[in-house]
Amino acid sequence: MPVNPRHAAESKPAVQAAKSDAQPAEEIFVPEEPRWSLDEIILPAEVKAQLLDVATYSENSHRVFEMWGFKRTHKFSRRIGINLYGAPGTGKTMAAHALAKYLGRKILVVNYADIESKYVGETPKNIRKAFEAAKASNSILFFDEADAILSKRVTNMTQAVDVSVNQTRSVMLMLMNEFQDFIIFATNFIENFDAAFMRRISMHVKFTLPDENCRRQLWRMYTPLEVPHNLDFDELAKKFDGISGSDISNAMLNAAFKAARLKADILDKSLVFEAVENILASKRANSGQ
Ligand SMILES: Nc1ncnc2c1ncn2[C@@H]1O[C@H](COP(=O)(O)OP(=O)(O)OP(=O)(O)O)[C@@H](O)[C@H]1O
Ligand SMILES: [Mg+2]
């Protein structure tokens with residue numbers, strides 16, 4: 001039966017707000033079992049191949065740098081970051097989980113909201129805790145929406161908040177230099193990453209919106225076998241371009257709820273068309289078109 005990872009992932013990752021001083025790091029950053037595997041992500045063959053390259057690099061990184069001593073001879077060329085970038089809803093977060101699963105490790109997910117603090121100096125402290133927690137639990141450190149932490153340094157510092165932003169980035173770069181393991185980052189805004197950070201990235205994987213072939217697979221994947229329907233996956237894949245895997249997953253679920261509300265016997269394709277149109281309209285509105 002096709003799996004529907006979306007449904008398995010409804011709840012938020014087990015990372016609680018890092019804002020309370022009283023909370024020890026081990027309660028704030030909780031490693032979790034990866035939620036997806038590589039075979040659950042629908043991607044063009046060349047992107048899948050790149051992900052496998054990343055997985056292999058990660059597997060061999062310990063051997064090359066630690067066991068073979070390259071960490072001493074290549075102290076300053078050591079690049080430990082893996083960056084997953086591209087359009088929203090295309091599978092970047094899924095891929096980070098899948099890489100951790102491939103490596104047989106837990107994943108420690110850090111979102112900016114989990115580490116940010118309104119107190120100057122607290123955000124870097126929280127980042128340090130995330131690194132410590134990953135090290136202590138031997139889990140893969142994953143900074144989701146990493147551009148929030150690693151965007152270009154503010155040069156015109158007029159306010160305490162700018163000082164704090166720069167401080168956060170400096171601490172992040174320093175911790176990356178010291179870290180023995182590789183780290184995964186994901187972003188929609190790679191253009192915002194600063195150069196010092198880019199130098200520490202060994203591999204970038206670009207995620208694009210699915211092509212027709214991938215869309216066909218996504219429509220099929222997000223249509224459970226049990227649901228009675230009259231959908232034609234070829235037709236759907238051809239008809240709607242410019243939509244993400246996340247849009248397809250959402251459209252199917254919205255259409256199913258509408259069919260249930262209408263007490264329909266089957267999930268009629270007109271409901272799916274309508275659901276996609278709604279999503280496309282909201283995207284257009286959101287981008288000001
Ligand atoms: N390539 C894909 N294959 C299968 N399902 C996908 C794919 N892309 C997205 N999805 C579905 O959409 C959901 C959201 O995907 P995900 O969170 O990985 O996107 P993202 O690229 O991290 O988006 P964002 O940039 O908004 O964080 C997934 O849980 C999954 O249900
Ligand atoms: Mg994401």
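# Close-up views of a predicted model

**View 1. Arginine 128 on helix α7.** Arginine 128 has its place in helix α7, and this is a predicted model, like every view that follows. How exposed is arginine 128? With a relative accessible area of 33%, arginine 128 comes out as partly exposed. Setting aside residues up to four places away in sequence, look for Val171, Met174 and Leu175, which arginine 128 touches. One of these partners, valine 171, sits 43 residues from arginine 128 along the chain, yet their C-alpha atoms are separated by 8.0 Å.

**View 2. Threonine 123, also on helix α7.** Staying with helix α7, here's threonine 123. Buried or exposed? Threonine 123 counts as buried because its relative accessibility is 3%, and the cut-off for buried is under 20%. Once neighbours within four places in sequence are left aside, threonine 123 is in contact with Tyr112, Ile115, Glu116, Ser117 and Thr168.

**View 3. Lysine 135 on the same helix.** Helix α7 spans residues 122–137, and lysine 135 belongs to it. Lysine 135 counts as exposed because its relative accessible area is 55%, and exposed means over 50%. Which distance is worth checking on screen? Go from lysine 135 to phenylalanine 179: they're 44 residues apart in sequence and 8.5 Å apart in space, C-alpha to C-alpha.

**View 4. Asparagine 138, in the loop after α7.** Move on to the loop between α7 and β3 (140–143), and you'll find asparagine 138 there. What is the sign of phi at asparagine 138? Positive, at about 50°, although asparagine 138 is not a glycine. For context, most residues other than glycine have a negative phi. As for the surface, asparagine 138 is partly exposed, with a relative accessible area of 48%.

**View 5. Glutamate 145, in the loop between β3 and α8.** Glutamate 145 is placed in the loop that runs between β3 and α8 (147–150). Its backbone also has a positive phi, near 50°, in a residue other than glycine. Glutamate 145 has a relative accessibility of 46%, so it counts as partly exposed.

**View 6. Phenylalanine 240, in the loop between α12 and α13.** Here we're in the loop that links α12 (233–239) to α13, where phenylalanine 240 is found. Is phenylalanine 240 buried or exposed? Buried, because the relative accessible area of phenylalanine 240 is 3% and the cut-off is under 20%. Its contacts, leaving aside neighbours within four places in sequence, are Arg215, Phe273, Val276, Glu277 and Leu280. For one of them, valine 276, the C-alpha atom is 7.9 Å from that of phenylalanine 240, with the two positions 36 residues apart along the chain.

**View 7. Ligand 1 and the residues around it.** There are 21 residues around ligand 1, and the ones that come nearest are Ile42, Gly89, Lys92, Asn188 and Tyr222. Sorted by class, the shell has 10 nonpolar, eight polar and three charged residues. Which domains does the shell draw on? Domain 1 (5–207) and domain 2 (212–286) each supply at least three residues.

**View 8. Polar pairs at ligand 1.** Zoom in on the atoms that pair up with ligand 1. At glycine 89, a polar backbone atom is 2.8 Å from an oxygen atom of the ligand. At asparagine 188, a polar side-chain atom lies 2.6 Å from an oxygen atom of the ligand. Tyrosine 222 pairs with a nitrogen atom instead: a polar side-chain atom of tyrosine 222 lies 2.7 Å from it. How much of ligand 1 does the protein bury? Taken alone, ligand 1 exposes 630 Å², and the protein buries 88% of that. Three elements give two or more residues to the shell around ligand 1: α5 (92–102), α11 (212–221) and α13 (245–261).

**View 9. Zooming back out to the chain.** To place the close-ups, here's the whole chain: its secondary structure comes to 14 helices and five strands. Of its 289 residues, 46% count as buried. The chain exposes about 14800 Å², with carbon and sulfur atoms supplying 54% of that area. Among contacts between residues at least 6 apart in sequence, 75% join residues at least 24 apart.

Note on methods
Residues are numbered from 1 along each chain as its sequence is written. Chains are lettered from A and ligands numbered from 1 in the order in which they are written. This is a predicted model: local features need pLDDT of at least 70, side-chain atom pairs count only at pLDDT 80 or more; totals for chains, interfaces and linings use all residues. Side-chain values use heavy atoms; hydrogens and water are left out. Helices (H or I, at least four residues) and strands (E, at least two) are DSSP runs, numbered from the N terminus. Buried means under 20% relative accessible area, exposed over 50%, partly exposed in between (1.4 Å probe, protein chains only). Contact means heavy atoms within 4.5 Å. Accessible areas come from the Shrake-Rupley method with a 1.4 Å probe; for residues, only the protein chains shown count as cover. A residue is near a molecule or strand if one of its heavy atoms lies within 4 Å of it. A polar contact is a pair of N or O atoms within 3.5 Å; within protein, one must be able to donate a hydrogen and the other to accept it, and residues adjacent in sequence count only if both atoms are side-chain atoms. Ala, Val, Leu, Ile, Met, Phe, Trp, Tyr, Cys and Pro count as nonpolar, Asp, Glu, Lys and Arg as charged, and the others, Gly among them, as polar. Domain bounds come from an automatic or database domain assignment.
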